[in-house]
Structure formats: C-alpha cells, structure tokens
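I opened this entry to look up how the parts of the chain meet and what the record marks. My notes follow the structure.

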Amino acid sequence: MYVVNSREMRAIDHYTIEQIGIPALVLMENAGRAVAEEAAKLAGGDSRRFAILVGKGNNGGDGIVAARHLMEFGNEVKLIYATDPATFEHEAAIQRDIARKLNIPYENYSEGSPPIPWRDYDVIVDALLGTGSRGAPRAAYAKLIDEANGSGLPICSLDIPSGLDPDNGGVHAPCIRASCTVALAFSKRGLEQQPGADYAGRVIVRAIGIPKAAAEQQGVHTFRIEEPLLSDTLGLRNYEQRSSDTNKGSFGHVLVAAGSLAMSGAGLLCAKAALRAGCGLVTWALPESWLPSIVGQLPEIMLRGMSDQGLGDWSRITPQALIELSEKKAALVFGPGVGRFTDDTAWLRELWEGTSCPLVLDADALNMLSGSSSDSGSGGFKAWPKRSSPVILTPHPGEMARLCGKSVKDIQMDRIATARTFAEEHGVTLVLKGAHTVIASPAGDVFINPTGNAGMATGGTGDVLAGITASLLAQGKTAIQAAALGAYLHGAAGDRVADSRAYKASLIASDIIEQL
Ligand SMILES: NC(=O)C1=CN([C@@H]2O[C@H](COP(=O)(O)OP(=O)(O)OC[C@H]3O[C@@H](n4cnc5c(N)ncnc54)[C@H](OP(=O)(O)O)[C@@H]3O)[C@@H](O)[C@H]2O)[C@H](O)CC1
Ligand SMILES: [K+]
C-alpha cells in the first residue's frame, strides 16, 4: 500500500482532478461517505449523537459531507465550525451551503466560546485539519482539540488527527488523540511513524475514487508492507512455496560470524534464527576458546572455531580466516555480540573488500562502520570500494545516529527520510529498526513494516532479525526482499508470541524464533 506525504497527496489530487477529470466534489463526496461509515461503526449502534469538528479547508468540507451521511443513517449530528463558515471557500463553501439548506444544526466556535457540553454527544468526528495543516494548531482549533481530548469520547479523525505533522509523524501541541483515523485514498507518512501512529489509533484506509495509477504516475515510492505488497511490489509471490524435489543444498548456506565470551548468546540466537528462517545449512564461526561450551546446544548447526589466542573475542581472529570460510557461503552475517577491538574498522574493511558473499552487518559491525565515518577526511565508508554483492545494514536508532553523526532525536524525527537518504547515498539496503521499522533500498524505495510490538524491545531480538535476514538472502531473495520480508516475519512472529501470552512484555528473543 502506498504511503504519501502532503506534497505527493496534493500532486495526486491535482492529477486526478485535472488530468483524469474526476471532479473534486466527487472525491469529497466519496471521502465524507467513507468517513461516515467508519464513524458509525465506531459509534456501534443506531441513533447516536455526533459532534463534527469542522475546519476551513477541504478536510472540513469532507467533515460536512460525513455529517450529511451520518444524518441520513438516522443519527443526530451537529457541526462545530472552528472558523467562521462565512469565510469558507471552494468545495468547503459548497458543502456549508448544502448543510444549511438541509438544516443540519451547527454552531460557530471561537476562542471565547464556553466549553462544549460533551455529554450531549457519543462520538466526535475530527475534521479540523488534514494534509494542508501547517505547524501547531492555532486559536480556536487548539482550544477545540484540547476540549475534544478531554471529553473522554471516542474520536474518529478524518485523514489525519488534527495537530499531527502529516509528513514525519511528529505531533504538535495539542494534537487529537483518535480512536481511529480514516485515511483517504492512501496512508500518510505521519500515520506510519511514531508518535503519530499512536495518536492516530486504528488506521483505516478508504478508497475515494483516486486511482492507484495516480500514485504511480506521481512517482510515490514509499509503501506499507502487507501481504499483497509482498507479492505484487516486492515480487515475493508464494514466498513459502518450495518444489518437493529439493535438498538442503538448494536453500543456501549461511555463515554466522558472531558472539564473544561475554556475549555468546548473540551468536546462538542469530544462528538459530537463520536456521528457522529456512536456509539449508548454518555454520557458526566463533572464537575457538569457548566453542566447547556450545557443543551440543545446537545439534543442527555446524560450529567453526576461529583461532583467538585464548582471548575468547575477535581481536586476534584475522579477517582473512573469515574471508576463506565465507567462500561458497550464500550469505554472511557479521556483528552480533562481537564487541569492539583495536583497528576493527580496518578489519571490517578487509572483510568488506575480501569476501564476495552478500553481507548482513549488525550491532558492533555497524559501530565499526561508524568508526570509518568519524575518521575525518576519509569520506567514511561511502568511500570504500563498491561491492558487487549486496550489503544489508540493520541499525537501531542509536546505531543509526552514530552512522550518520546525528542525535537519536534527529534520526527519529523523520525515519523515512533518514533511511532513504542513507541507503541511496551509501548504496546499501538499510533496515532502521524500532516501532514501524523502515526498510530502504539503494534505489530509493522505502517499505514500512507494520508488524511487531513493544514487547520486542528486549535483548537479542536484533540478533534474531539479522539471522532471519541473512537466511532469506541465502535462499536467493534480493537484498530488499530479504530485508523487507525479514522484518515483516520477525514482527509477525513477535505478534504471535504476544497474543499467546498472559503478559505481553514477557516476550524474549528465543520466543520469536520458535514462532517463526
Ligand atoms: N483536494 C481534494 O481533492 C481532496 C482533499 N481531501 C481532503 O482535503 C484535505 C486537505 O485539504 P486542504 O484544504 O489542503 O487542507 P486542510 O483542510 O488540512 O487545511 C486547510 C486550511 O487550514 C488552515 N490551517 C493550516 N494549518 C493550520 C493550523 N496549524 N492551525 C489553524 N489553521 C490551519 C490553513 O488556512 P490559513 O488561511 O489559516 O492558512 C489551510 O488553508 C485532506 O486531508 C482531505 O481531508 C479529500 O480527501 C477529497 C479530495
Ligand atoms: K483531521
């Protein structure tokens, strides 16, 4: 499903109206009708009382149409205008006039108005501000939003919660806290990123007559992952189907280079997850001095002790040894639990240049890359030679901040833009983890993952994701397919765990592997 920003939505509206010839009033009618249906569902019954909060633009126009349909459905409605309706223009003015002729009750609300008697209503429809909203809600809009949030009533937001930044998911003060949001035609970036996603409640995308081809025509290349998208846009039709005439050699051999004495679990989780995600074989390369303690724990996984001079870490293991081991492997995941060591950035560069294996770099490997970026004058790892096989980076916001030389706050402010820019500039596939993981390809496509839950914010889940992703790569998926499907399955497995437990926060990383 397409996810648009306000500029793209304006261009799509314009194209639909001017080039295709669907009149704006038709789109508005469809929008208002769709919202009326969803708001009626939210109210859950007949003859409910709706307060429709109306702003001066097209969002308000949609709200007036919704009021008309809600009234036709047999409900009581009242329009509460946040701006003097005499000042309305274009389609919103036409809807205002229709509402007057139909004697739809209304009141003009201003900063000086007394509080609305909310006990007279069952549901609020928020049609104050949509994709034309700029900055924090002003004057009567702000007061009305505060009042609505304080009313305790369920709120159905039209297109976006008023007060939300439609483009980056930031929320202004105040911002409507909706029970549900009916996004018109396409989802909006602000609904797919935190904290906006929390303020939007359940997001329902409703068609209003704008053809999908209009988004394609306008070059929208941000998507929310869902099953149809996996098959159509990502080319992963029947991704689970396998020919019966196969053997373990058909599904790729993953090399996991991970873990040190203090963090052996990271390697264990990563290797196990890789195997569960369907590759044929997994070899786990680990410092040889603690290999004996692992023997017997993972009967399906091959172990390879790397000469570590008894230190238990990666500081004495040579990149050359790993490069040799990576020959004939279908994917190499490096980083989980390896720790940092002297000259590790140069070490990683040797691996980068020496292996032809598709790479998944996670955890400490990302910090090694950041070391390269902070090496002033070197141009960072952007200046490293281009690889012929793909690289997938899987940073959490902290690691991403180090990679970009920015603060976590800056990264989280616009995760979509950050991930896209980085992937394009560095020619890598990037998985920016966190709520609504963002996956960006070097070509500039961005996929937002809807699966997963807060219980997954626990040690080891990142190691599991890295293992799953490498496993999918080894099975012949492209980098963007492996990254997007990996994040989707990882979250879906996490959701299954959460659903099966009395206490959702009890989830641990191993549970995810078992639910794959
Ligand atoms: N165009 C179409 O065919 C369709 C659009 N749909 C709906 O339209 C909105 C977007 O409508 P738009 O009119 O562009 O914008 P808004 O309704 O969001 O806001 C318009 C005016 O509100 C004022 N404004 C902006 N920011 C603030 C603020 N922070 N506080 C107070 N007021 C604000 C501003 O007017 P000014 O004169 O004050 O500058 C805006 O002009 C979209 O979301 C859909 O709901 C339909 O989907 C049908 C098709
Ligand atoms: K709104």
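I looked first at the contact between the domains: eight residues of domain 1 touch eight residues of domain 2, counting heavy atoms within 4.5 Å as contact. The model is predicted, so I note that local features need pLDDT of at least 70 and side-chain atom pairs pLDDT 80 or more, while totals for chains, interfaces and linings use all residues. Residues are numbered from 1 along each chain as its sequence is written, chains are lettered from A and ligands numbered from 1 in the order written, and side-chain values use heavy atoms, without hydrogens and water.

I checked the bounds: domain 1 is 3-220 and domain 2 is 250-372 + 387-514, from an automatic or database domain assignment. Their centres, taken over C-alpha atoms, are 42 Å apart.

I then looked up the area buried between the two domains, which is about 700 Å², with 50% from carbon and sulfur atoms. This is the accessible area (1.4 Å probe) lost on putting the two parts together, summed over both. On the side of domain 1, Arg189, Glu192 and Gln193 lose the most area to domain 2, together 58% of what that side buries.

I counted zero salt bridges between the domains (a side-chain nitrogen of Lys or Arg within 4 Å of a carboxyl oxygen of Asp or Glu).

Last, I read the UniProt record, an unreviewed entry, which lists Asn59, Asp126 and Ser162 under "binding site"; such annotations may be inferred rather than shown by experiment. These residues spread over 104 residues of sequence but cluster in space, with a largest C-alpha distance of 9.7 Å.
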